[in-house]
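Grab a pencil and work through these exercises with the model open beside you. Each one sets a task and then walks through a solution.

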Amino acid sequence: MRKLYQTEWHNIKFNDITKISESSLPDDKFYNSFYNEFFNRYDDFSDLNPDWIRLKEGVSAHCAKQYFKNKQDSILSVGCGIGIIEKKLLEIGFSQIYVTENTDEPLKWIKNLIPKSRIFVSSFLEKVPHRNYNNILLSSVDYFLTDIQLYRLLKTALKFLDRSGQLLLISWSFDNDSKSEHPADKNGQFWGWIRSIDEYRYALKNSGFRYVKHEIIDTKTNWKTLILCAQL
């Protein structure tokens, strides 16, 4: 792994909303400040960067075609953020979508699209009612987790997965041999870690998944997307 730093997100400069740290990951106070500014600035999904929307929707469409083929199967999205991917999956016709987030703040928009009974505020699935999901989606939750935390999350997720199901880990912070994609700007906020594909594969195998395959897809945006599919 190598460290990842960031100075802004969704055109919100971190220095404008809070005190940043080069050594500590963002805490609850940081994210509270960020989402307060985010929802003051943006009123709807359509207000966001069109390239970013196209990236997320492109990933949704790809997953719907290559992995989530039965629209009646359940999908548990862990760390859904504001819910762009999940919104697109709903539009495609996947109705059995469940979402989790560490805090309530990012869920403001997606709450209007998904029944309350399928939305959980929980870290590491602790408050998610146990059931066997056909699919578990981990989208951009890897970068802020240590190796131990990632192992813990994958190990726990495995217990929620149907025996014939699959887990998808989607990353935009993977090491793509392009250092310019993730500049190590140490004047920015310590944002998390960049991992190699081999490190992701090891984490999945080490947590109990037997079959792991991966692909890098091009969504015709500035971001390359790594998708790892793991099965029991």
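Before we start, one definition: two strands count as paired if DSSP finds at least two bridges between them. Also keep in mind that this is a predicted model.

**Exercise 1. Work out how the overall size of the protein fits the compact-globule rule.**

Step 1: start with the inventory, which is six helices and 11 strands.

Step 2: apply the rule. For 232 residues, a compact globule would have a radius of gyration near 17 Å, and the protein has 17 Å, so the two agree.

Step 3: look at the box. Along the principal axes, the C-alpha atoms fill roughly 45 × 40 × 35 Å.

Step 4: add burial and contacts. Of the 232 residues, 48% count as buried. Take contacts between residues at least 6 apart in sequence, and 69% of them join residues at least 24 apart.

Step 5: finish with the surface. About 11500 Å² is exposed, with carbon and sulfur atoms supplying 45% of it. As for charge, there are 32 positive and 29 negative side chains, and the centres of the two sets lie 6 Å apart.

**Exercise 2. Trace the strand pairings that involve S4, S5, S7, S8, S10 and S11, giving the sense of each.**

Step 1: begin with S5 (residues 97-101), which pairs with S4 (residues 75-78) in the parallel sense over four bridges. To find the register here, note that Ser77 has Val99 in S5 as its bridge partner.

Step 2: go from S4 to S7. This pair is parallel too, over four bridges, and Val78 stands opposite Leu138 in S7.

Step 3: carry on from S7 to S8, which run parallel and are joined by six bridges. Leu137 has Leu168 in S8 as its bridge partner.

Step 4: now the sense changes to antiparallel, as six bridges join S8 (residues 161-171) to S11. Ile170 is the residue opposite Ile227 in S11.

Step 5: end with S10 (residues 211-218) and S11, an antiparallel pair over eight bridges. Here Ile216 sits opposite Leu226 in S11. The two strands form a hairpin with five residues between them, and Lys220 in the turn has a positive phi of about 60 degrees.

**Exercise 3. Decide how well covered S4, S7 and S11 are.**

Step 1: check both faces of S4. Ile75 and Ser77 point one way, Leu76 and Val78 point the other way, and all are buried.

Step 2: count along S7. Six of its seven residues are buried, so the strand is largely enclosed by the rest of the structure.

Step 3: do likewise for S11 (residues 224-231), where six of the eight residues are buried, leaving the strand mostly covered.

**Exercise 4. Find what the buried residues of H4 pack against, and what follows the helix.**

Step 1: list the buried residues of H4 (residues 84-92): Ile84, Ile85, Glu86 and Leu89.

Step 2: recall the helix geometry. An α-helix has 3.6 residues a turn, so residues three or four places apart point the same way.

Step 3: name the partners. The buried residues of H4 pack against helix H3 (50-66), S4, S5 and S7.

Step 4: step off the end of H4 to Gly93, which has a positive phi near 125 degrees.

**Exercise 5. Place Ile217 and decide whether it is buried or exposed.**

Step 1: locate Ile217 in strand S10.

Step 2: use the cut-off. Buried means under 20% relative accessible area, and Ile217 is at 9%, so it counts as buried.

Step 3: gather the contacts. Leaving aside neighbours within four places in sequence, Ile217 touches Val59, His62, Lys224, Thr225 and Ile227.

Step 4: compare sequence with space. Ile217 and Gln231 are 14 residues apart in sequence and 20 Å apart C-alpha to C-alpha.

**Exercise 6. Where do the positive-phi residues His10 and Phe124 sit?**

Step 1: take the phi values. His10 has a positive phi near 55 degrees, and Phe124 a positive phi of about 55 degrees. For background, most residues other than glycine have a negative phi.

Step 2: place them. His10 is in the loop between strand S2 (8-9) and strand S3 (12-13), while Phe124 is in the loop between strand S6 (119-121) and strand S7 (133-139).

Step 3: check burial for His10, which counts as buried because its relative accessibility is 14%.

Key:
Residues are numbered from 1 along each chain as its sequence is written. This is a predicted model: local features need pLDDT of at least 70, side-chain atom pairs count only at pLDDT 80 or more; totals for chains, interfaces and linings use all residues. Side-chain values use heavy atoms; hydrogens and water are left out. The radius of gyration is taken over C-alpha atoms; the globule rule is 2.2 Å times the number of residues to the power 0.38. Buried means under 20% relative accessible area, exposed over 50%, partly exposed in between (1.4 Å probe, protein chains only). Contact means heavy atoms within 4.5 Å. Accessible areas come from the Shrake-Rupley method with a 1.4 Å probe; for residues, only the protein chains shown count as cover. Lys and Arg count as positive and Asp and Glu as negative; His and the chain ends are not counted. The place of a charge is taken as NZ of Lys, CZ of Arg, CG of Asp or CD of Glu.
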